[in-house]
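Reader: I'm new to this one, so could you walk me through it?

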Amino acid sequence: MKITIFGTGYVGLTQAACLAEVGHSVCCVDTDEHRISQLNQGLSPLYEPGLEALLRGNLAAGRLHFTTDAGEGVAFAKVIFIAVGTPPDEDGSADMRYVFAVTDTIAEHAVDAKVVINKSTSPVGTAQRIKAHLDAVLARQRRQLDMQVVSNPEFLKEGSAVDDCMRPERIIIGIDGEPDTELFRELYKPFSRNHEKLIVMDSRSAELTKYAANSMLATRISFINEMANLAERLGADIEMVRKGIGSDSRIGYDFIYAGCGYGGSCFPKDIQALQRTAAEAGYHPQLLEAVESVNHRQKHKVFENIKRHYNGDLNGKTFAVWGLSFKPNTDDMREAPSRVLLEALWAEGARVRAFDPEAMQEASRLYGARLDLHLVDSKEEALDNAHALVILTEWLNFRIADFGLVRQCLHDKVVFDGRNIFEPLHLAREGLAYYSIGRAPVGLAQP
Ligand code: UDX
């Protein structure tokens with residue numbers, strides 16, 4: 001099948017590469033000329049395991065090509081995906097200008113009927129708005145084309161986007177009116193394998209499904225973080241509590257890891273956008289508000305531990321920071337807890353020596369050259385002349401540490417862990433003080 005995709009961000013690019021990989025013929029359109037020229041050389045603009053290999057293979061096989069020519073994109077296929085960004089507006093609602101710019105482009109260039117599939121995370125009612133917009137533009141031009149608009153939200157996670165796309169747990173198709181699902185079964189057949197993955201519903205339910213899924217996951221995280229804060233005060237261990245509740249199959253083990261808060265491009269933005277949508281519908285979503293405020297507080301948690309340990313005086317201290325990305329296997333620092341900590345440390349006159357396996361370039365793009373930030377080439381180098389170690393992302397490579405070296409390097413022999421990657425007693429035996437989340441600090445000198 002021939003497919004055109006507008007937008008070469010995480011969602012558009014991954015979708016394009018995976019659809020080409022299963023045999024479809026895909027044309028990708030973006031307005032960014034530099035990005036398109038890189039992509040045509042098989043260079044991925046974002047770090048995502050497996051993506052570049054798929055891009056190169058399918059470019060070479062002729063199943064995938066990239067263009068800035070929107071007219072070529074619209075003419076190429078009957079099936080057109082919209083996969084452009086919906087960043088937060090000043091008031092937290094989703095900024096839909098890119099989605100509607102693509103809608104205008106489709107209306108302008110289409111000479112035959114299209115099936116427009118919206119993959120961008122968009123407020124409830126967007127598919128219907130796109131349909132009305134297309135029809136209105138065509139009517140103004142006295143043209144009549146039978147445009148179908150469908151909502152098909154994306155559930156991929158950064159760091160495993162290719163895998164999530166190739167092996168989806170479900171494919172949500174939101175169609176209004178009399179649903180003709182044949183085209184979608186054909187489009188997604190290779191991803192369904194032996195098990196039908198399509199769930200067909202109306203477009204509004206499909207749009208809300210996306211927000212509800214992310215809100216549910218974020219709720220779990222804020223819930224466990226709230227329990228972690230309680231556990232600390234009650235002398236309990238959140239890691240034990242997590243195992244205890246996760247073993248209940250109704251609860252399960254996923255997304256109940258306590259930590260320094262959720263970040264990334266989806267949860268914070270989608271929860272805010274859903275709150276705006278709710279307000280517009282005259283409803284006050286108390287739970288979503290609490291999820292967000294618990295997360296906001298949690299992002300300051302590591303800093304609070306640091307301040308407590310140093311009795312509020314951080315001036316002139318140097319902190320080794322392991323992990324800057326909002327989670328492992330990505331270079332993305334959007335809404336990352338590391339940003340809150342770095343800025344709080346700097347405000348108190350402290351210095352930072354930071355290492356991340358992938359996000360160094362992003363960190364230097366965000367913070368440029370500053371005297372109080374030293375971006376170093378390894379986790380060991382970060383420890384040089386530091387007073388304390390702070391862990392903010394649970395990269396696999398951080399889980400095995402040479403504690404002898406850590407003890408030797410750190411002036412103050414103290415570790416602040418925002419992801420609970422170590423066993424407290426083990427660190428205490430190694431002669432280190434250790435603060436984690438939802439567990440009592442260990443190894444502190446007795447007053
Ligand atoms: C999320 C959704 O998982 C995905 O389905 C959706 O399409 C986009 O948003 P992503 O933002 O890539 O994906 O990351 P995810 O793996 O969900 O993690 C989000 C944040 O939650 C990270 O900062 C992570 O560290 C944090 N997290 C996750 C926790 O603090 N505890 C957990 O138990 C799980």
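Here come a few questions and answers on the domains and the ligand.

Author: This is a predicted model, where local features need pLDDT of at least 70, side-chain atom pairs count only at pLDDT 80 or more, and totals for chains, interfaces and linings use all residues. Residues are numbered from 1 along each chain as its sequence is written.

Reader: Into which domains is the protein divided?

Author: The bounds come from an automatic or database domain assignment. Going along the chain, they give domain 1 (2-201), domain 2 (210-297) and domain 3 (299-435).

Reader: How far apart do the C-alpha centres of domain 2 and domain 3 lie?

Author: These two domains touch, with 12 residues from domain 2 and 15 residues from domain 3 in the contact (C-beta atoms, placed from the backbone, within 7 Å). Their C-alpha centres are separated by 24 Å.

Reader: Which helix gives the largest share of the side of domain 2 that touches domain 3?

Author: Helices here are DSSP runs (H or I, at least four residues), numbered from the N terminus. The top contributor to that side, with 3 residues, is helix α12 (residues 286-298).

Reader: And which residues come nearest to the ligand?

Author: The shell around the ligand draws at least three residues from each of domain 1 and domain 2, and its largest share, 3 residues, is from helix α9 (residues 203-234). A residue counts as near if its C-beta atom, placed from the backbone, lies within 6 Å. Of the 19 residues around the ligand, the nearest are Glu-158, Tyr-257, Tyr-262, Gly-264 and Cys-266.

Definitions and conventions
Helices (H or I, at least four residues) and strands (E, at least two) are DSSP runs, numbered from the N terminus.
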